[in-house]
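Here's an informal walk through one protein and the ligand that goes with it. Have the structure open while you read.

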Amino acid sequence: MTGNEPDTDTDIGSDGGSGNDHGDEEDRNPVLLVRGDREFLVQPGEEMGTDLGVLEVPEDVEPGQTLETHLDEEFQVRRLRGPDLFHHFERTGAPMVPRDVGLVIGETGISRGDCVLDAGTGTGVLAASMARAGAEVVTYERDPEFADVARENMELGGIAEEVDVRTGDLREELEALEPSSFDVLTLDTGDAADVVAHAPDLLVEGGFVAVYSPFIESTREVVEAAREADLANVRTRETIQREMQFDDRGSRPSTAPVGHTGYLTIARNE
Ligand SMILES: C[S@@+](CC[C@H](N)C(=O)[O-])C[C@H]1O[C@@H](n2cnc3c(N)ncnc32)[C@H](O)[C@@H]1O
């Protein structure tokens with residue numbers, strides 16, 4: 001169980017997750033228990049203890065239900081959706097915000113049946129979101145403790161089957177990977193340029209590379225590596241978003257700091 005108060009500043013967008021299969025299997029997926037601004041991510045069959053009493057989550061729990069603790073305190077059951085992963089996963093490496101997850105999935109077209117190679121796993125938000133969009137994901141994390149937490153996060157998110165979290169530095173594992181076996185390569189590491197150089201060997205024809213970097217220096221290295229590797233349509237965009245304020249005095253962009261999170265470089269194997 002994880003409890004969290006959603007951070008509404010970052011609770012934006014969607015990961016494009018499928019999440020719409022309302023069959024029996026879906027009923028065994030994790031769900032959110034919500035009461036006011038309190039949220040708990042729980043598994044069917046789990047016993048949840050709170051200061052409002054103990055709540056037994058039924059095996060056949062369904063979104064839309066109201067459940068009560070033994071003290072008759074009510075929680076609403078809600079279906080888990082992509083942005084909830086950002087709020088409820090245990091954090092290690094800085095997780096990608098929902099907006100940038102949406103950009104990666106939108107720019108590469110990740111969908112059901114795709115095979116994605118990802119590094120580094122970090123918290124696992126991007127890897128989990130791509131799995132929810134239907135992809136099989138192989139993701140590498142060089143920090144063994146981070147990798148263990150990421151595996152637990154995948155269990156928590158109900159996508160452990162779809163995400164293979166491997167412990168290791170991706171740069172040292174490249175030789176062991178099957179050539180041309182990935183549709184998309186996603187990198188969120190400072191050393192991404194070293195892997196981009198091998199993208200033509202790893203990707204199917206027409207496959208995409210997406211590299212996310214908070215810094216311009218490593219972004220430049222990535223662009224140079226992509227050009228050197230003869231990848232096509234190499235484009236970098238800053239990911240930035242301005243929140244709008246609507247109040248009695250008028251409507252304008254928020255005066256809070258600029259919403260820069262990073263640079264997203266996309267390229268294609270042709
Ligand atoms: C910013 S975090 C990734 C966050 C992730 N995209 C998410 O949404 O949760 C970067 C992670 O990459 C890992 N890392 C850096 N270089 C790596 C490499 N060459 N191979 C595997 N993992 C690496 C770091 O240990 C760190 O946990």
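Leave aside the neighbours within four places in sequence, and Gly-93 is in contact with Gly-120, Gly-122, Thr-123 and Phe-146. Keep in mind that this is a predicted model. Gly-93 sits in the loop between α1 (82-88) and α2 (98-108). Gly-120 is 27 residues away from Gly-93 along the chain, yet their C-alpha atoms are separated by 8.4 Å. Is Gly-93 buried or partly exposed? It has 19 other C-beta atoms within 10 Å, and since being buried takes 20 or more, Gly-93 counts as partly exposed.

Gly-120 has a quirk of its own. The peptide bond leading into it from Ala-119 is cis, with omega near -20°. You'll find Gly-120 in the loop between β8 (115-119) and α3.

**Around the ligand**

Which residues come nearest to the ligand? Out of the 23 around it, they are Gly-93, Gly-120, Gly-122, Val-125 and Thr-189. Sorted by class, the shell has nine nonpolar, seven polar and seven charged residues. Three elements, α3 (125-132), β9 (136-141) and α5 (170-173), each supply at least two residues of that shell.

**Two covered helices**

α3 is mostly covered, with eight of its eight residues buried. The list includes Val-125, one of the residues that come nearest to the ligand, and it also takes in Ser-129 and Arg-132. After α3 comes Gly-134, with a positive phi near 115°.

α2 is largely enclosed by the rest of the structure, because eight of its 11 residues are buried. Among them are Pro-98, Asp-100, Val-101 and Thr-108. What do the buried residues of α2 pack against? Their partners are α1, α3, β11, β12, β13 and β16. α2, too, is followed by a glycine with positive phi: Gly-109, near 70°.

**The sheet**

Seven strands make up an open sheet with mixed pairing, in the order β10-β9-β8-β11-β12-β16-β13. Why do β10 (163-167) and β13 (232-240) each have one side without a neighbour in the sheet? They stand at the edges, and each has a single partner strand, so one side is left open. From one strand to the next, the twist averages 15°.

Helix α8 (residues 216-228) packs on this sheet and touches β12, β13 and β16 (260-268). The direction of α8 makes about 5° with that of β16. Further along the sheet, β11 (residues 182-187) and β12 (residues 203-213) run parallel and are joined by five bridges. One of the pairs there is Phe-182 with Leu-203 in β12.

There's also a hairpin, formed by β14 and β15 with two residues between them. Strands β14 (residues 244-247) and β15 (residues 250-253) pair in the antiparallel sense over four bridges. Asp-247 has Gly-250 in β15 as its bridge partner.

**Positive phi without glycine**

Two residues other than glycine have a positive phi, and here they are side by side.

| Residue | Phi | Place | C-beta neighbours inside 10 Å |
|---|---|---|---|
| Ser-180 | near 50° | loop between α5 and β11 | 13 |
| Asn-233 | near 50° | strand β13 | 11 |

With its 13 neighbours, Ser-180 counts as partly exposed. Asn-233 has 11 and counts as exposed. Asn-233 belongs to β13, which is one of the edge strands of the sheet.

**The whole chain, and how far to trust it**

In total, the protein has eight helices and 16 strands. Of its 270 residues, 40% count as buried. Among contacts with a separation of 6 or more, 66% are between residues 24 or more positions apart.

How does the confidence look? The average pLDDT is 90, and 89% of the residues score at least 70. Where does pLDDT stay under 50? That happens over residues 5-27, for which the model has 45 contacts beyond four places in sequence. Where pLDDT is low, the predicted coordinates should not be read in detail.

Technical notes: Residues are numbered from 1 along each chain as its sequence is written. This is a predicted model: local features need pLDDT of at least 70, side-chain atom pairs count only at pLDDT 80 or more; totals for chains, interfaces and linings use all residues. A residue is near a molecule or strand if its C-beta atom, placed from the backbone, lies within 6 Å of it. Ala, Val, Leu, Ile, Met, Phe, Trp, Tyr, Cys and Pro count as nonpolar, Asp, Glu, Lys and Arg as charged, and the others, Gly among them, as polar. Two strands pair if DSSP finds at least two bridges between them. Axes are lines fitted to C-alpha atoms, for helices over the stretch in contact, and angles run from 0 to 180 degrees between N-to-C directions. Two residues are in contact if their C-beta atoms, placed from the backbone, lie within 7 Å. pLDDT is the predictor's confidence in each residue, from 0 to 100. A residue is buried if 20 or more other C-beta atoms lie within 10 Å of its own, exposed if 12 or fewer, and partly exposed in between; C-beta atoms are placed from the backbone.
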